[in-house]
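Please open the model in a viewer and keep the selection panel at hand. The stops below proceed from one selection to the next.

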Amino acid sequence: MKYPPSHSQNLMKFVIVIYLCSFIGMENNCHQIGYGPYEYTSYPDCILDGYRVSHITLKRDHTLEEINEKKLAIKFYCKEIGETT
């Protein structure tokens with residue numbers, strides 16, 4: 001879902017930074033697996049699309065058995081990268 005320009009509070013660009021995490025036992029072990037490649041002109045567009053990208057990434061790259069065995073999950077955030085032109 002794209003928000004109208006009135007919802008954009010600034011002229012910054014954002015990218016999604018994605019981490020794959022394993023939550024076995026008391027430890028959570030996360031490592032960065034992706035950055036970008038899409039740029040967003042608003043934080044809401046970025047953060048909401050992050051859930052879609054996370055879902056696709058987990059299903060595409062890991063079996064259900066692996067997800068269950070390793071207690072895999074995706075963490076992500078939207079990083080501000082600069083001004084739009």
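Select Tyr-77 first: in this predicted model, Tyr-77 is partly exposed, its relative accessible area being 37%. Add Tyr-19, which is also partly exposed, with a relative accessible area of 23%. The model contains three aromatic pairs. Tyr-19 and Tyr-77 form one that is stacked, with 6.4 Å from centre to centre and 20° between the planes. Because Tyr-19 belongs to strand β1 (residues 12-22) and Tyr-77 to strand β3, this pair ties together parts that lie 58 residues apart in sequence.

Next, select Tyr-51 and Phe-76. Their aromatic pair is edge-to-face, at 4.9 Å centre to centre and with 85° between the planes. Here too, distant parts of the chain are linked: Tyr-51 is in helix α1 and Phe-76 in strand β3, 25 residues apart. Is Tyr-51 buried or exposed? Tyr-51 has a relative accessible area of 55% and is therefore exposed. Phe-76, at 18% relative accessibility, counts as buried, since the limit for that class is under 20%.

Remain with helix α1, which spans residues 43-61, and select Thr-57 within it. Thr-57 counts as buried, at 9% relative accessibility. Which residues does Thr-57 touch, not counting those up to four places away in sequence? Displaying the surroundings of Thr-57 brings up Ile-18, Ile-33, His-62 and Ile-74.

From Thr-57, move to Gly-34. The C-alpha atoms of these two residues are separated by 9.6 Å, while their positions lie 23 residues apart along the chain as a sequence separation. Gly-34 is part of strand β2, which covers residues 29-35. With a relative accessibility of 19%, Gly-34 counts as buried; the cut-off for this class is under 20%. If residues up to four places away in sequence are left out, the contacts of Gly-34 are Ile-16, Val-17 and Ile-18. Ile-18 is thus a useful residue to highlight, as it appears among the contacts of Gly-34 and also among those of Thr-57.

For the final stop, select Lys-71. This residue sits in the loop between α2 (64-70) and β3 (72-83). Lys-71 counts as partly exposed, at 41% relative accessibility. What is the phi of Lys-71? The angle is near 50°, a positive value in a residue other than glycine. Most residues other than glycine have a negative phi.

Key: Residues numbered from 1 in each chain as written. Predicted model: local features only at pLDDT ≥ 70, side-chain atom pairs only at ≥ 80, totals over all residues. Heavy atoms only, no water. Helix = DSSP H or I, 4+ residues; strand = E, 2+ residues; numbered from the N terminus. Buried < 20%, exposed > 50% of the residue type's maximum accessible area, 1.4 Å probe, protein only. Contact = heavy atoms within 4.5 Å. Phe/Tyr/Trp six-rings, centres within 6.5 Å; stacked < 30°, edge-to-face > 60°.
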